[in-house]
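Here is a quick tour of one protein model, with stops at its empty spaces, its aromatic contacts, its strands and a couple of odd backbone angles. Have the coordinates open as you read.

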Amino acid sequence: MIREIKFVNLFSIGNKLIIKYRCEEGLGFYVDNGEFSIKILYNGNIISPKKIKKIDNKVIRVDYYVNESKKLIMDLINYGMKVIVTCNTLNQEFEIKNIDESKVYTNLYKRITESKKCSDIIDASSKLFLGKEEYKFNSKLRKDKNFRRDVMYTKAYEEEIIDDKIILYESFHGKTMSCNPYAIFKYLLNDYEYKDFKHIWVLNDSNNCKELYKNMNNVEFVKVHSDEYVRYLAKAKYLINNTTFPPYYIRKEGQIYLNTWHGTPIKTLGKLMKGSRGQYKNIQRNLLQTTHLINPNKFTADIMITEHDIDGIYQGKIFDCGYPRIDLTLNSNKYEIKKKLNLKNNKKVILYAPTWRGEVGNVDNEINRFIDDYEYLIKKLGNQYTILLRVHTLVEEYLVKKGYGENIVDNAIDTNELLSVVDILISDYSSIIFDFMPTKNPILLYCYDREKYANERGFILDLEELPGSICYTVNDLALKLLNIEDVIEENKKKYDIAIKKYNYNDDGRVTERVVDFIFNNNLDGLYTLKNNKKNILMYCGGFLNNGITTSAINLLDNIDYDKYNVFIIDKGNYNDESEFNISQLNSKVKILYRSGNILYLKDEKIKEEEIFYNGLKANVNDVNELLSLYRREFKRLFGSSRFDIAIDFSGYVKYWTLVMATSQIERKVIYQHNEMIEEYNKVINGKLKHRKNMDVIFSLYDNFDKVISVAKHTMDVNKENLKPWVNEVDKRFDYVHNSINYKKVFYLQSQNNKTKIGDKYYQIKNYSVDILGNIIIEAFPKIDDSKINFINIGRMSPEKDQKKLINAFFKVIQKYPDSRLYILGDGILKQELNNLIISLGLQSHVILTGQVKNPFEIAKECDCFVLSSNHEGQPMVLLEMLILNKDIIATDIPGNRSVLEDGYGLLCDNNEDALAESMINYIENKNKFKKFDYEKYNKEAMNMFYKIIDSK
């Protein structure tokens, strides 16, 4: 018996139609072994096939000949098609709906261009006849299925009209029909008021479809990422999910997106989770897309918002209402459930539902323990109880293979329906505990690996708070079950307290309230999070080891968090360098992570490529493709979030500058941390490093209210040099001094990271722990305070010009051979500098330490700081050295002058001889400089910042 026929694609030549069909049950068998036919019903006529060919066991090709083939094709696209399938004289009628127009090839050229076999030929011809950008787009569209899917979704997002009568449900990324979406689906399906609605279930495996719904006319099943799925994401009025939609999903204006989540958390979630940073980024992004968020209790409502760092910007409606799925536990027909489970005796039912602990492909250890425990419980309790199992799918596969599948509950039975017939629950760290609590039946927590689990995953709740007896061995578990009345008595008080805190909504009518909330906008029970602060969105440059990062961290330590919420937007993947730096942020900073890729239409991608190659010649507001592209990207990233101020604190990354410049945030600010024309002309390895970026970014300055330099001298230089790119430079350009964190500097310089090996002391610059627990220390010989020690801290790149400093220091050594120069940092010129040191014979005089996590401890022990830069904005390192009251020599460039010109250090001409002369003069005279009032400076810097962001 064939259950469903699906359309794959169609190709026409004249009046010949070639249609491919697919069936999960397999069609190839019928073609090979019996009478088989697929006839089209069209305008009351039957169109019979002329030829049928098997492609594989599931896909066949059928040739038809028909007059007015073009009209037929359009009707198929617009209205679907009806077919009669004949197998061994048995006729079945099917209706095929929603035929994807992109899979209908109405001419030979289109068929060939979509053919993988012709890909190389098409590539070669496209290069000859298409523009470079269009060729690249078409080539990627053919070869990259993910890109093709993203483009298809973008087209649907922009063109599909929302259908008010379509509801799309997704549970656990299409694995099952279950949880809260399933409970809502069941309610709506049986409510006459919603009889005209079409229900789309996302289900990746047809075997997981509940039999009752397989052949319903108003229920359709689609797979995640399929063409149908992509189209319904853009077309359905109502979307209901208990986890997340893919990163390419954007909620359209007019769509209602209800996220139900899937449990009161016991384990950590969001930013509290252990492991890689930002692992929850698509959850965070999805929450910002939602219009409605339901929660089982206030505890979960707070956790979902705060621990995903979206409090302050979340614009959806939060409903403290309970979970619809628990209605299934309270209201299900127990007789029918027991019948499905084949429970014919009067034994009490135990459900063992443990948390998933293994790793994909490596579950043997957990399986062996599970089997041993299960056999022990059967032996001790099998005569008294029926023990059912609800386990992770991977565990289930292994148990079945090993012959233990008999008592595993089939996934066709919903977990909450199952709980309605359970007398005792055994679990551990799963939210199933809260679903079971309304039954008031006993709970046992089998936590044999509690300490290990706490270290690896972490808990958000104290397990002792839960109304279940905790067992650490299977023997303890069996004894508790044999004395279950004692368990009931000892947990009675905790049960009452827990229900009042977590299950106060569970009266069996939650689904009714949720439906009223979604479809009738009944806001009784609306849960609000107050926010009277201004919201700042800020991009800081990726948290590399540079002055921008230091400046950003300091600023974020000084902001008044009683007046502002600060949201940092950043990449979603980190190396050790950026991970360490972002971990230094003030704990009050909220971090949003980029998830997924920007979505393009063809014209947008081509226009973007042209602009990125040639620069932005027009105002971005006049480039429709770019404006629509990046405003859509802003919505993909942030949904309907409300921001008052956008700050591109980096000013070097065109993607983020475009996201902010094209946004509709009321106040927009971009920073300049350097003399930008020098950056524009910077050459590294024979290439202009920033030219392509800056051609775009400079032209976007007109879309910002303020373009901020970090020092007045730097601003003056930038104003003069950037007039060709910017209108009203006098009005738009301003400056704000970098803020400082003097308390942190003092703390770090007071540390003592030294170690003694043999009879020598070494300065520790970094340390780490390998997978075996061994501590790996990177160190260099302790600074000798009997010498004259100069220090330079900074990135090893052309503008810092440590090459000039080393050549100058070579001249110092000729006169004062006991001098030493420490250069702290790393960068692309490290090898070149090392070669220079060797060529000059300075190996014992110039020490390249590499990157050091705490440079202040080393700077404290040196005599004088030297900065040899060719251009700077306002060097953070100079301000930090002034906090330490360190003597300073620096080249006389605008950025350095802005810090030192009032007598805080020595400014010298920007050449080797002047640097050498200044260092020799310092050795001979030990110049004394004006003391820096860091508290006064910092207060003034923050007042400048507030004035800029709060101006109208």
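## The largest cavity

In this predicted model, the lining of the largest cavity splits into eight nonpolar, three polar and four charged residues. That makes a lining of 15 residues, and P354, T355, E366, F370 and V395 are the ones that lie nearest the centre of the cavity. The volume comes out at about 170 Å³.

Which helix gives the most to this lining? That would be α13, spanning residues 364-381, with five residues. For the wider picture, the count of cavities of 30 Å³ or more comes to four. The idea behind such a search is simple: roll a probe the size of a water molecule over the atoms, and you see where empty space is left.

## The second largest cavity

Next comes a cavity with a volume of about 60 Å³, the second largest. How does its lining divide into nonpolar, polar and charged residues? Here you get seven nonpolar and four polar residues, with no charged ones. The lining includes the aromatic residues F649, Y671 and F945, and S551, H737, N738 and S739 are also among its residues.

Two helices, α22 (547-558) and α38 (934-950), each supply at least two of the lining residues. Of the contributors, α38 gives the most, with three residues.

## Aromatic pairs

Searching the whole structure turns up 51 aromatic pairs. One of them is Y169 with F185, an edge-to-face pair at 5.3 Å centre to centre, with 75° between the planes. Y169 lies in strand β10 (residues 163-170) and F185 in helix α7 (residues 179-189), so this contact ties together parts that are 16 residues apart in sequence. Y169 and F185 are both buried.

Y574 and Y593 make another edge-to-face pair, at 6.2 Å centre to centre and with 90° between the planes. Since Y574 lies in the loop between β24 (564-570) and α23 (576-582), while Y593 lies in strand β25 (residues 590-593), the pair ties together parts that are 19 residues apart in sequence. Y574 and Y593 are buried as well.

## A cluster, and lysines over rings

Back to Y169 and F185: both belong to one aromatic cluster, together with Y182, W201 and Y213. Which ring has the charged end of K210 sitting over it? The ring of Y182, with a distance of 4.8 Å to its centre. So the cluster member Y182 also takes part in a contact with a lysine.

Elsewhere, K654 lies over the face of F612, at 4.6 Å from the ring centre.

## Strands and sheets

β10, the strand that holds Y169, is also part of an open sheet of eight strands. The order runs β12-β11-β10-β13-β14-β15-β16-β22, and the pairing is mixed. The edges are taken by β12 (219-222) and β22, each with a single partner strand, so one side of each is left without a neighbour in the sheet. Inside the sheet, β10 pairs with strand β13 (residues 236-241) in the parallel sense over five bridges, and the bridge partner of E170 in β13 is N241.

For a smaller motif, try the hairpin formed by β5 and β6, with four residues between the two strands. Strand β5 (residues 51-54) and strand β6 (residues 59-65) run antiparallel and are joined by four bridges. I52 stands opposite V62 in β6. As a reminder for viewing, side chains in a regular strand alternate between the two faces of the sheet.

## Two positive phi angles

Most residues other than glycine have a negative phi, which makes for a quick check on the backbone. N521 has a positive value, with phi near 55°. N521 lies in the loop between α21 (510-519) and β22 (526-527), and is partly exposed, with a relative accessible area of 41%.

D801 also has a positive value, with phi near 50°. D801 is found in the loop between β35 (788-793) and α32 (802-815). Is D801 buried or exposed? With a relative accessible area of 17%, D801 is buried.

Definitions and conventions: Residues numbered from 1 in each chain as written. Predicted model: local features only at pLDDT ≥ 70, side-chain atom pairs only at ≥ 80, totals over all residues. Heavy atoms only, no water. Phe/Tyr/Trp six-rings, centres within 6.5 Å; stacked < 30°, edge-to-face > 60°. Buried < 20%, exposed > 50% of the residue type's maximum accessible area, 1.4 Å probe, protein only. Lys NZ or Arg CZ within 6 Å of the ring centre and 35° of its normal. 1 Å grid on protein atoms, 1.4 Å probe; cavity = no way out; pocket = protein on both sides within 12 Å on 5 of 7 lines; lining within 4 Å. Points joined across faces, edges and corners; volume = space filled by probe spheres on them. Nonpolar A, V, L, I, M, F, W, Y, C, P; charged D, E, K, R; others polar. Pairing = 2+ DSSP bridges.
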